[in-house]
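This report goes through the ligand surroundings, the domains, the sheet, the core and a few single residues of one protein. The sequence and structure come first.

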Amino acid sequence: MSGLDEFEDELETCFGTSCGLCERGCPVYQTLYTRTLSMKGRNRTMLGLLKGKFDITPSVIEAAFECTLCGNCDRWCALKNTDHTMALREHLLKHGVEPMKEHSSLLASLKNYGNPWFQPRSARSKWMRGLDIPRASPGKQEVLFFAGCTSAVMKPLVPSLVASAKLLKRAGVDFAVMAQDEPCCGSTLLRVGQTDEFEKLEKDNFDKFKALGIKKIVTSCPGCYTTLRRSAERLGEDIEVVHITQEVADLIRSGDLKVQRSSEKMTYHDPCHLGRLGGIFDEPRDIMKAVSEFVEMGNNCYESRCCGAGAGLQSAFPKLSRELATRRIEEAKGTGATTLVTCCPFCETQLRTVPGINVTDLMELLLEASSNGG
Ligand code: SF4
Ligand code: SF4
């Protein structure tokens, strides 16, 4: 992990360039038009802190946290801007700034319950009741289906996990789950700047996966996907991490999963962690085309707009967060689609808060379209 000083050259480059290209697709800037909240402004703030020209003030703290870490600014710039923002959050916490009060409660829950939602560990295995899925045990399986904290404990999201597990079973994939022993991937810690805590957690997690003999992790949540994949790379672990959309798109291609296409017009929202930050654009679209009459929104793939739920924005800045969701829903409605499909528990929950279009999960949709027994 990096401190602010590691990025000093990049911050100087931004200051010298000041091109402002990062402002084009920034959902926060394009909603509030506040320069200190764009990446250009935030980079200047960081440079000022490094050079001792600024003190840590409430507006510096706001600039650090009023960002969804959606990565759109990285799309337009050679600098590692989202890493800068995460380093700024870490810098503030290391200089005695308490986490935002809304984030403190998430962190307290993680510490006490192993998930950010104040749910007992036993709640994590409720989703799999009646599904006859083996529990991971040392040396017994190579593939782990990683449910993730949010989908496992939030009732409206459970159908997505159930659909994923049924699809894997239908296609004959030999997999197991960790049930109540499944740890948090640590994404929340990382996004709010708790880097030291995160590094301890990622090491413990991979020790657990190795002890079980896991060779491949299939995640349901895009945030778990990018976090675990980067942890595996950073730690040099020989464990493949894939998202469920990659796994099932392969199963459709190989003929192990058979699907029927409907004539309903549907559009797809790229979760930031899966698309721009994870580089997975094709597989969800392959699935969409296999099951529906697929139409794109104007802002898609790298240009996709954040739903507004990310990086603690939803809890700390709910009004702005909802405005971002409203804009995305309007864009989806503009395609003429009757259904907006996504594959992230945060995007799904967030987009469902705005009426106007049916929002559904890609795995649930695929299960309905899948025809080979099970
Ligand atoms: S962050 Fe990048 S795109 Fe934005 S002003 Fe700086 S150099 Fe330009
Ligand atoms: S990560 Fe997204 S919200 Fe944050 S500054 Fe970049 S474009 Fe704006």
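The structure is a predicted model. By class, the shell around ligand 2 holds 9 nonpolar residues, 5 polar residues and no charged residues. In total, 14 residues surround ligand 2, and the closest are Cys26, Cys67, Cys70, Asn72 and Cys73. Two or more residues of this shell come from each of α2, α5 (72-75) and α6 (81-94). The largest share, 3 residues, is that of α2.

Ligand 1 is surrounded by 15 residues, of which Cys14, Cys19, Cys22, Lys40 and Cys77 are the closest. The shell around ligand 1 divides into 9 nonpolar, 5 polar and 1 charged. Both α1 (8-17) and α3 (39-50) supply at least two residues to it. The element that gives the most to the shell around ligand 1 is α3, with 3 residues. The table sets out the two shells.

| Shell | Residues by class | Element giving the most |
|---|---|---|
| Ligand 1 | 9 nonpolar, 5 polar, 1 charged | α3, 3 residues |
| Ligand 2 | 9 nonpolar, 5 polar, no charged | α2, 3 residues |

**Single residues in loops**

Arg24 sits in the loop between α1 and α2 (27-32). Is Arg24 buried, exposed or partly exposed? Arg24 has 14 other C-beta atoms within 10 Å, so it is partly exposed; the limit for exposed is 12 or fewer, and a buried residue needs 20 or more. Arg24 and Trp76 are separated by 52 residues in sequence, yet their C-alpha atoms are 8.5 Å apart in space.

Most residues other than glycine have a negative phi. Tyr33, which is not a glycine, has a positive phi of about 50 degrees. Its place is the loop between α2 and α3. Tyr33 is exposed because 10 other C-beta atoms lie within 10 Å. Asp132 is another residue other than glycine with a positive phi, near 55 degrees. The loop that holds Asp132 runs between α7 and β1. Asp132 has 8 C-beta neighbours inside 10 Å and therefore counts as exposed.

**Domains**

The domain assignment divides the protein into domain 1 (4-94), domain 2 (102-249) and domain 3 (255-369). The centres of domain 2 and domain 3, taken over C-alpha atoms, are 22 Å apart. Contacts between these two domains involve 30 residues of domain 2 and 28 residues of domain 3. On the domain 2 side, two or more residues are given by each of α7 (101-113), α8 (149-153), α9 (158-170), α12 (222-235) and α13 (244-254). The largest share of that side belongs to α9, with 7 residues. By class, the side of domain 2 that touches domain 3 has 14 nonpolar, 12 polar and 4 charged residues.

**The sheet**

An open sheet is formed by 4 strands in the order β2-β1-β3-β4, with parallel pairing. Its edge strands, β2 (175-176) and β4 (240-243), each pair on one side only.

At one edge, strand β1 (residues 143-146) runs parallel to β2 and is joined to it by 2 bridges. Within this pair, Val143 has Phe175 of β2 as its bridge partner. At the other edge, 4 bridges join strand β3 (residues 216-219) to β4, and these strands also run parallel. Here the bridge partner of Ile217 is Val241 in β4.

In a regular strand the side chains alternate between the two faces of the sheet. Which residues of β4 are on its covered face, and which on its uncovered one? Val241 and His243 are on the covered face, while Glu240 and Val242 are on the uncovered face. Val241 is thus both the bridge partner of Ile217 and part of the covered face of β4.

**The nonpolar core**

In soluble globular proteins, nonpolar side chains tend to be buried together. The largest nonpolar core here has 105 residues. Which of its members touch the most others? They are Leu167, Val248, Ile287 and Leu366. Leaving aside residues up to four places away in sequence, Leu366 touches Ala163, Leu167, Val248, Val259, Ile287 and Val291.

Terms used: Residues numbered from 1 in each chain as written. Chains lettered and ligands numbered in written order. Predicted model: local features only at pLDDT ≥ 70, side-chain atom pairs only at ≥ 80, totals over all residues. Core = buried A, V, L, I, M, F, W, Y, C linked by C-beta atoms within 7 Å. Contact = placed C-beta atoms within 7 Å. Near = placed C-beta within 6 Å. Nonpolar A, V, L, I, M, F, W, Y, C, P; charged D, E, K, R; others polar. Domains from an automatic or database assignment. Pairing = 2+ DSSP bridges.
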